[in-house]
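Reader: Could you walk me through one part of this model up close, residue by residue? I'd like the local picture first, and then how it sits in the rest of the chain.

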Amino acid sequence: MTFFDDFVIDSLDDLINLIEDVGFVPFFENEIEGFSIEEHIAPGHWYDDTSNGFWDAWEWKGPAIKKAKCAYGKFLKGKAMYISAKWFPDFANYRRDGYDFDARYEDGLASFDDNNLYELLNSNAPIISKSLKRLGDYRKGGRRGFDSSISRLQKLCYVTVSDFIYATDKSGNEYGWGLAEYSTPEKFFGRKFTDKVYKRTPEESYERLFKHFKKILPGIDDKLIDRIIK
């Protein structure tokens, strides 16, 4: 299957099957036309700023992450993307350049602020964003830079979104926006990730990823694929 096939995402199961089939599924449209949920979702499942808009694609996030046991985070130029459990170890290996976080920090490749947030998150994962900010004193008059650090840690594949948690009323009904729950891939995937992530060199992982993207995005310029991976 490729992203240029004629298909429609009409249910949560359709989304899960797509993630497992192609491995990489961006949420929003991007520089590659057709390479997103937004461009393939059936009418009635996407909020379109009209009275007929629905938030299904957003409400499917948590269930998709848990049922597909996939990675989700800002992996594509600051935008969200699902990555299957099959492909995430190679993707993380390349993005991390073969470093676990401690080694990255010791070699001066991670900032003091990023290290503080990573250590706090790793010690309390899984943890929702609101609680993580409170523990880290990220507030007016306190620490700054939460959004920048959490985005950078996702880009480098040291942090993933493991669920979205909704507030509930007295009757147990969910309401409002789901809050991101963060974890590390090591804790979320367990040995299925830790046994594989550094199995290859970063260069070998890149080659595997490049070949796979050429398969699911046929005809796309090599430079665009390189930008997706990097």
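**Helix 4 and its surroundings**

Author: Let's start where helix 4 stops: the residue that follows helix 4 is D97, and its phi is positive, near 60°. Keep in mind that this is a predicted model. As background, most residues other than glycine have a negative phi.

Now step back into the helix. Helix 4 covers residues 88–96, and eight of its nine residues are buried, so the rest of the structure largely encloses it. The buried set is F88, P89, D90, F91, A92, N93, R95 and R96. Charged residues get no exemption here: D90, R95 and R96 are on that buried list too.

One residue that touches helix 4 is A71, which has F88 among its contacts. A71 is part of strand 2, and it counts as buried because its relative accessibility is 0%. Leaving out residues up to four places away in sequence, A71 touches M81, Y82 and I83, along with F88, T160 and F189. As for P89, it is 18 residues from A71 along the chain, and their C-alpha atoms are separated by 9.9 Å.

Go back a little along the chain and you reach K69, in the loop between helix 3 (61–68) and strand 2 (71–76). K69 is partly exposed, at 37% relative accessible area. Neighbours within four places aside, K69 is in contact with A64, A85, F188 and F189. So F189 turns up in the contacts of K69 and in those of A71. I83, a contact of A71, is 14 residues from K69 in sequence and 9.5 Å from it in space, C-alpha to C-alpha.

Past the other end of strand 2 there is K77, in the loop that leads to strand 3 (79–83). K77 has a positive phi of about 50° without being a glycine. K77 is exposed, with a relative accessible area of 56%.

Compare that with C157, another non-glycine with a positive phi, this one about 65°. C157 sits in the loop between helix 8 and strand 5 (160–168), and with 0% relative accessibility it counts as buried.

That brings us to helix 8 itself, residues 146–155, whose axis comes within 9 Å of the axis of helix 6 (residues 112–124) and crosses it at roughly 75°. The two helices are therefore roughly perpendicular to each other. On the helix 6 side the contact uses D113, D114, L117, Y118 and L121, and these meet F146, S149, I150, R152 and L153 in helix 8. By type, that contact has six nonpolar residues, one polar and three charged.

After helix 6 comes a loop to strand 4 (127–128), and P126 is in it. The peptide bond from A125 to P126 is cis, with omega near -5°. For background again, most peptide bonds are trans.

Finally, the whole chain. The protein has twelve helices and six strands. Its radius of gyration is 18 Å, which agrees with the value near 17 Å that a compact globule of 230 residues would have. Of those 230 residues, 48% are buried. Among contacts with a separation of 6 or more, 58% are between residues 24 or more positions apart.

Definitions and conventions:
Residues are numbered from 1 along each chain as its sequence is written. This is a predicted model: local features need pLDDT of at least 70, side-chain atom pairs count only at pLDDT 80 or more; totals for chains, interfaces and linings use all residues. Side-chain values use heavy atoms; hydrogens and water are left out. Axes are lines fitted to C-alpha atoms, for helices over the stretch in contact, and angles run from 0 to 180 degrees between N-to-C directions. Helices (H or I, at least four residues) and strands (E, at least two) are DSSP runs, numbered from the N terminus. Angles under 35 degrees count as roughly parallel, over 145 as roughly antiparallel, 65 to 115 as roughly perpendicular and the rest as oblique. Contact means heavy atoms within 4.5 Å. The radius of gyration is taken over C-alpha atoms; the globule rule is 2.2 Å times the number of residues to the power 0.38. Buried means under 20% relative accessible area, exposed over 50%, partly exposed in between (1.4 Å probe, protein chains only).
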